[in-house]
Amino acid sequence: MGECIFCRIAKGELPCYKLYEDDNTMALLDIFPVHPGHALVMPKKHTTDIFDTDEETARQMIAAAKKIAPAVMKATKADGINIGMNNREAAGQEVFHAHLHVIPRYKDDGLKAWHKNLFKDEKQKQEVHEAVKRELAA
Ligand code: AMP
Ligand code: ZN
């Protein structure tokens, strides 16, 4: 298997519509945008997803997204912006180099990011609340 596609973009080996770069991060247009202006923000160094991305790199990525978001918002005359990250295949990740999506959104554009559900019952709510807190404390 060849090298990661986003690493190759970061090194300038593959073309992209670059929007921004600094020492540690790069932002580019997504080639299959939800809406035009949909941008991707990634660390230049390879990490796979949120789980193996160190805190400093995560900070750098969100700081870059904070710069990109208002620029995308104004340039595309969007009404809002979604910032999201897919982690692992089950969550829709297709490129296994960590990145944030910065997605312009419009009133009544009809997109639904995800369905909302009710908890099955009060017990389920309490159990998951406890389980996540337990992991955080571990
Ligand atoms: P994800 O599903 O979070 O892994 O998102 C990967 C995103 O990368 C998708 O939205 C693709 O459209 C986008 N993408 C894949 N290849 C390229 C590329 N060469 N240049 C820009 N965007 C790309
Ligand atoms: Zn990579």
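Glycine 92 offers a polar backbone atom to ligand 1, and an oxygen atom of the ligand lies 2.9 Å from it. I begin with this contact and work outwards from the ligand to the chain; please bear in mind throughout that the model is predicted.

Two side chains make comparable approaches to ligand oxygen atoms. In aspartate 30, an N or O atom of the side chain is 2.4 Å from an oxygen atom of ligand 1. In histidine 99, the corresponding distance, again from a side-chain N or O atom to a ligand oxygen, is 2.8 Å. As for burial, ligand 1 taken alone exposes 510 Å², and the protein buries 86% of that area.

Let me turn to the shell as a whole. Which residues come nearest to ligand 1? There are 16 residues around the ligand, and the nearest are Asp30, Glu94, Val95, His99 and His101. By class, the shell holds nine nonpolar residues, five polar ones and two charged ones.

The shell can also be described by secondary structure. Helix α1, residues 5-10, and strand β2, residues 25-29, each supply at least two of its residues. The largest share is that of α1, with three residues.

Next, the pocket. The space that ligand 1 takes is the largest pocket, and the volume of that pocket is about 850 Å³. Its lining comprises 31 residues. Nearest the pocket centre are Asp30, His38, Leu40, Asn86 and His101. Aspartate 30 thus appears here at the pocket centre, having already been named for its side-chain contact with the ligand. His101, likewise, is listed both among the residues nearest the ligand and among those nearest the centre of the pocket.

How does the lining divide by residue class? It contains 19 nonpolar, eight polar and four charged residues. As to the elements involved, α1 and β2 each contribute at least two lining residues, and so do β4, residues 80-84, and β5, residues 100-105. Both α1 and β2 were also named as suppliers of the ligand shell.

Finally, the setting for all of this. The protein chain has three helices and five strands. Read along the sequence, these elements follow the pattern α-β-β-β-α-β-β-α. The C-alpha trace spans about 50 × 40 × 30 Å along its principal axes.

To close, I return to the ligand: its oxygen atoms have polar partners in the backbone of glycine 92, in the side chain of aspartate 30 and in the side chain of histidine 99, and ligand 1 takes the space of the largest pocket. Thank you.

Conventions
Residues numbered from 1 in each chain as written. Chains lettered and ligands numbered in written order. Predicted model: local features only at pLDDT ≥ 70, side-chain atom pairs only at ≥ 80, totals over all residues. Heavy atoms only, no water. Near = heavy atom within 4 Å. Polar contact = N/O pair within 3.5 Å; in protein donor to acceptor, adjacent residues only side chain to side chain. Areas by Shrake-Rupley, 256 points an atom, 1.4 Å probe, with all protein chains shown as cover. 1 Å grid on protein atoms, 1.4 Å probe; cavity = no way out; pocket = protein on both sides within 12 Å on 5 of 7 lines; lining within 4 Å. Sits in = over half its atoms within 2 Å of the grid points. Helix = DSSP H or I, 4+ residues; strand = E, 2+ residues; numbered from the N terminus. Nonpolar A, V, L, I, M, F, W, Y, C, P; charged D, E, K, R; others polar. Points joined across faces, edges and corners; volume = space filled by probe spheres on them.
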